[in-house]
Amino acid sequence: MENIKLDITKAASFLAEDAVKAFEPQVKAAQEALENGTCPGNDFLGWLHLPSSITPEFINEVQAVADTLREKCEVVVVAGIGGSYLGARAVIEALGNSFAWLVQDKKNPTILFAGNNIGEDYLAELTDYLKGKRFGVINISKSGTTTETALTFRLLKKQCEAQMGKETAKDVIVAVTDAKRGAARTCADKEGYKSFIIPDNVGGRFSVLTPVGLLPIACAGFDIKALVQGAADMESACGKDVPFEKNIAAQYAAVRNGLYQNGKKIEIMVNYQPKLHFIAEWWKQLYGESEGKDKKGIFPASCDFTTDLHSMGQWIQDGERTIFETVISIEQPNKQMLFPADEENLDGLNFLAGKRVDEVNKMAELGTRLAHVDGGVPNIRISVPCLNEYYIGQLIYFFEIGCGISGNVLGVNPFNQPGVEAYKKNMFALLNKPGYEAESKAIQERLAKEA
C-alpha cells in the first residue's frame, strides 16, 4: 500500500532558497536525540517505537475486552480528558458514520465521551440519556484524581451499578490506568475490574496507540490491527536513517520551523472532510501542549473547510500575515454521490450536473489554496489516499514523530506540560481542597484587593 504524501512546495516558496534543506543538520540531530534518548523529556519516549513493538497477542487481548463490551452494552462511555480521549475520538469520528448518534446500529455500541468538562447540564443530560440503557464505562486516567474525569466516573459507576447490578457492572467497567499507583488503580483492583496499563513512558497526548485509544476504537467496531500496522509502516518510513528528502516527518518539522523563524506564528490545520474535525482537535493538543512553553511555540489552530471559509475565510485571506496552513486532503472518499440536475436551474448550478460532489470539493480546495498562497499564506498539503484504519494509523504516527522532532528543533522539552498545573492550583485553592490552605488564603487576599 502507498503511504500518505507531503507537499511543502507552496510553503517553502515563502522561504529563502534552500532554507528547508538548511534545517537538515538540526532535524537530524533532533531525531537522533530522540532515538538515543538524550533529548529533554527522554523518560517519555515510549511512543517512539510503540507501533512496531505491539504484538498480535496484545491486540487480541484488547479486542477480547472490546468484544465483551460490544456484546453486553448498547452504549459505552469513555471517561477521560485531553490525551485520554482525543485520540480515540479522532479515530472513531474519522471512520464512523457522521450521523452515528441517530443510527440504530445493532452491531456496534454507541460510543460517548465524558469526563472532559465540568458542565453540570452536560453530565445531567448524559445520566438522563443512560437511564434504562445497558451501558459500560472505560475509565481512562493515570492518577484517577483528575477532577473532570474522577467526577464523571463517580457518577457513571454509581449509575451503572444501580441499573445493572454490582456483579454485572464489574464486567462492563474497564480501567485504563497506572500499573501500580493512583486512585483508579486502587479502585480497579478493589472492585475487580478488567484493566489495562498506561505505560509510564508514554504521555497522554502520545497515547492513542496504547489501550487508551485502542480499546475505545475496537469497541466502536474498527480494525485496530490495521491502525497499528499503518503506524508501524509510517514508523519505518520516517526512521532516522531515511534520507532527509524522503523523510516526510523531517520535512514537515523543517518547513514549519523555517516558517516560524520567518514570523509565521500560527499554524492552521485545515480539512475539507468534516470527519476530520477531531483529528485536528487531537493535533492541536499534541502540538500545543508539546511546543507551547518557554515563551516559544507555533500556535495551533484549526478550520473545517469549506464551512469556515464563510466565517474565517476573510481573516485568512486578508488578515495579519502571521499564519500558515497545513491541509489534510483525502484523495478518494469512501462513498460516491453525483451532483443532480434540476429542470428549472434556479440556482444556476446545472453546469455541475453529473459531477461527483468530491470533484467540486477538490476544486474548492485547489482554488482556496491558490487564493491563500496569492494572499501570502504558505500552504503545506498532506495527501491521504482514503479514510481507513491503515491510513489514519499512518497519519497519527506522522504527526507524533513530526512533533517530537519539531519540538527538539525549537529547543523545548516536547514531553512535559508544566503550564497545565497553574489553573488546577488556583481551582483547588478556590474550592478549599485539603492541603491547599496557604494557597486558599493567598488567593482570597488577592481577590479581596482586586474587588
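With what handedness of crossing does α12 pass α17? Let's take that view first, keeping in mind that this is a predicted model.

**Close-up 1. Helices α12 and α17 meet in a right-handed crossing.** Helix α12 covers residues 224–237, and helix α17 covers residues 389–410. Their axes come within 6 Å and cross at roughly 45°. Angles from 35 to 65 degrees count as oblique, and α12 and α17 are therefore oblique to each other. On the α12 side, look for Ala226, Leu227, Gln229, Gly230, Ala231, Asp233, Met234 and Glu235. Facing them from α17 are Glu389, Tyr390, Ile392, Gly393, Gln394, Ile396, Tyr397 and Phe398. Sorted by class, this contact of α12 with α17 holds nine nonpolar, four polar and three charged residues.

**Close-up 2. Phe398 sits in the largest nonpolar core.** This core has 121 residues, and Trp47, Leu215, Phe398 and Phe399 touch the most other members. Helix α17 supplies the largest share of the core, with 13 residues. Zoom in on Phe398 and you will find Ile4, Leu6, Met234, Ile248, Ala249, Tyr252 and Ile382 touching its atoms, leaving aside residues up to four places away in sequence. Two of these names may ring a bell: Met234 also belongs to the α12 side of the contact with α17, while Ile248 lies in the residue range of helix α13 (residues 248–261).

**Close-up 3. Another core lies apart from the largest one.** Here the core has ten residues. Phe305, Ile316, Val327 and Val377 are among them, and make handy landmarks for this view.

**Close-up 4. Asn257 is a buried residue of helix α13.** Is Asn257 buried or exposed? Its relative accessible area is 4%, and under 20% counts as buried, so Asn257 is buried. Not counting residues up to four places away in sequence, Asn257 touches Phe23, Ser406, Val409 and Leu410.

**Close-up 5. Helices α18 and α19 cross at roughly 90°.** The last stop takes in α18 (residues 421–430) and α19 (residues 437–450), whose axes come within 8 Å. With that crossing angle, α18 and α19 are therefore roughly perpendicular to each other. Lys425, Asn426, Ala429 and Leu430 represent α18 in the contact. They meet Glu439, Ser440, Ile443, Gln444 and Leu447 of α19. By class, the contact of α18 with α19 divides into four nonpolar, three polar and two charged residues.

Conventions:
Residues numbered from 1 in each chain as written. Predicted model: local features only at pLDDT ≥ 70, side-chain atom pairs only at ≥ 80, totals over all residues. Heavy atoms only, no water. Core = buried A, V, L, I, M, F, W, Y, C linked by side-chain atoms within 4.5 Å. Buried < 20%, exposed > 50% of the residue type's maximum accessible area, 1.4 Å probe, protein only. Helix = DSSP H or I, 4+ residues; strand = E, 2+ residues; numbered from the N terminus. Contact = heavy atoms within 4.5 Å. Axes fitted to C-alpha atoms, helices over the stretch in contact; angles between N-to-C directions. Parallel < 35°, antiparallel > 145°, perpendicular 65-115°, else oblique. Left-handed = near helix turned anticlockwise from the far one by under 90°. Nonpolar A, V, L, I, M, F, W, Y, C, P; charged D, E, K, R; others polar.
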